[in-house]
Amino acid sequence: MTASVQQKPAIVVTGADLAPQAIELLQEFEIVYAGKTPDEESLVQLCEKTQPVALIVRYGKIPARIMDASKKLRVISKHGVGIDTIDVEAATKRGIVVKAATGTNAAAVAEHTWALILACAKSIAQLNARVHAGHWDKATHKSLELSNRTLGLIGVGAIGQRVAAVGAAFGMRVIAYDPFVSKIPAAVTICELNTVLTESDVVSLHCPLTAENRKMINRETLALMRSGAILINTARGGLVDQEALLEAMQAGKLRAAGLDAFESEPLNASHIFSGIPNVILTPHIGGVTSDAYVSMGAAAARNVLAVLTEVTLVTAGQKCEA
């Protein structure tokens, strides 16, 4: 009689791929890919079919309905640092652990932040388009020099600290608002939020999205900002009231804005910032580099293993006690 082959427990990845280094760590599991842009219904069906013990979240939202589709689900591991797309409260009620790959894309996002700051200050996108169109604006255009200007950060975690270090190297005064900061970088002066908004020439967002700070950049806070200031968001789209920002840009309140995150993604051709030349847009790729892809994937895999190992040990202990 032939012995039956035991099926590997499944892990669903809400994306189309995972770094080879992560796959190597998870070789004891069956990796199931949900595709490039999985929607809620397809994820529910996939989880019902495969009954995964873990989700590795790359794209899409994870509400309670997806969690309930697998009776074996024990951990939801974010392939990145922002867990606002996961219903953490629902997961906690169900005994499902939610983990983030903290710090794994800090260098990538900080670099992208500076790419957007410089693009805004130096009008790179606009000048590129003008030169391609046959214009030569040397006699009329003036860029913004950042030396001796003020850089204001909202959040000085792993990403914010890197952004601060570059600002200091450029000769900028660096101020920040972060009520949760435990270690203040030497180059940073901690201030109240209103001070950061009113005194900064560049305001850059580096905080997680919570119920308390959703749309913290709104009509009231934009009104506090200096005329001609620059706003950068490489954090979460929900931090910015997009309608209010559009009004500020159309009124000439800000010099430019650089956005890598949006309330609803992906954007389509008719999004509200379409045709606004001094709003620089990128498709939420601040943390997407070849190096970050590996580090985020490996960290997400290790987080899965850490939780499942702990669950196994607890279960084994309970059996021994029985």
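**Notebook: aspartate 260 and the parallel sheet**

I started from the contacts of aspartate 260: leaving out residues up to four places away in sequence, it touches His112, Leu116, Asn233, Thr234, Glu265, Thr282, Pro283, His284, Ile285 and Gly286. I note that the model is a predicted one.

I looked up where aspartate 260 sits, and found it in the loop between strand 11 and strand 12.

I checked whether aspartate 260 is buried or exposed, and it is buried. I then searched for a salt bridge and found none for aspartate 260. Arginine 236 has the nearest side chain of opposite charge, 8.0 Å away. A salt bridge requires a nitrogen–oxygen distance within 4 Å.

I also looked at the polar atoms of the aspartate 260 side chain: one of them lies 2.8 Å from the backbone nitrogen of glycine 286.

Next I traced the sheet. I read the strand order as 8-7-6-9-10-11-12, an open sheet of 7 strands with parallel pairing. At the edges I found strand 8 (188-190) and strand 12 (279-281), each pairing on one side only. I took the twist from one strand to the next, which averages 20°.

I followed one pairing inside the sheet: strand 6 (residues 150-154) and strand 9 (residues 202-205) run parallel and are joined by 4 bridges. For leucine 153, I found serine 204 of strand 9 as the bridge partner.

Last, I looked at two helices. Helix 7 (residues 158-169) packs on the sheet and touches strand 6, strand 7 (173-177) and strand 8; I noted about 175° between the directions of helix 7 and strand 6. Helix 10 (residues 242-250) lies across strand 10 (229-233), strand 11 (254-259) and strand 12, and I noted that it runs at about 145° to strand 11.

Methods
Residues are numbered from 1 along each chain as its sequence is written. This is a predicted model: local features need pLDDT of at least 70, side-chain atom pairs count only at pLDDT 80 or more; totals for chains, interfaces and linings use all residues. Side-chain values use heavy atoms; hydrogens and water are left out. Two strands pair if DSSP finds at least two bridges between them. Axes are lines fitted to C-alpha atoms, for helices over the stretch in contact, and angles run from 0 to 180 degrees between N-to-C directions. Contact means heavy atoms within 4.5 Å. Buried means under 20% relative accessible area, exposed over 50%, partly exposed in between (1.4 Å probe, protein chains only). Lys and Arg count as positive and Asp and Glu as negative; His and the chain ends are not counted. A polar contact is a pair of N or O atoms within 3.5 Å; within protein, one must be able to donate a hydrogen and the other to accept it, and residues adjacent in sequence count only if both atoms are side-chain atoms.
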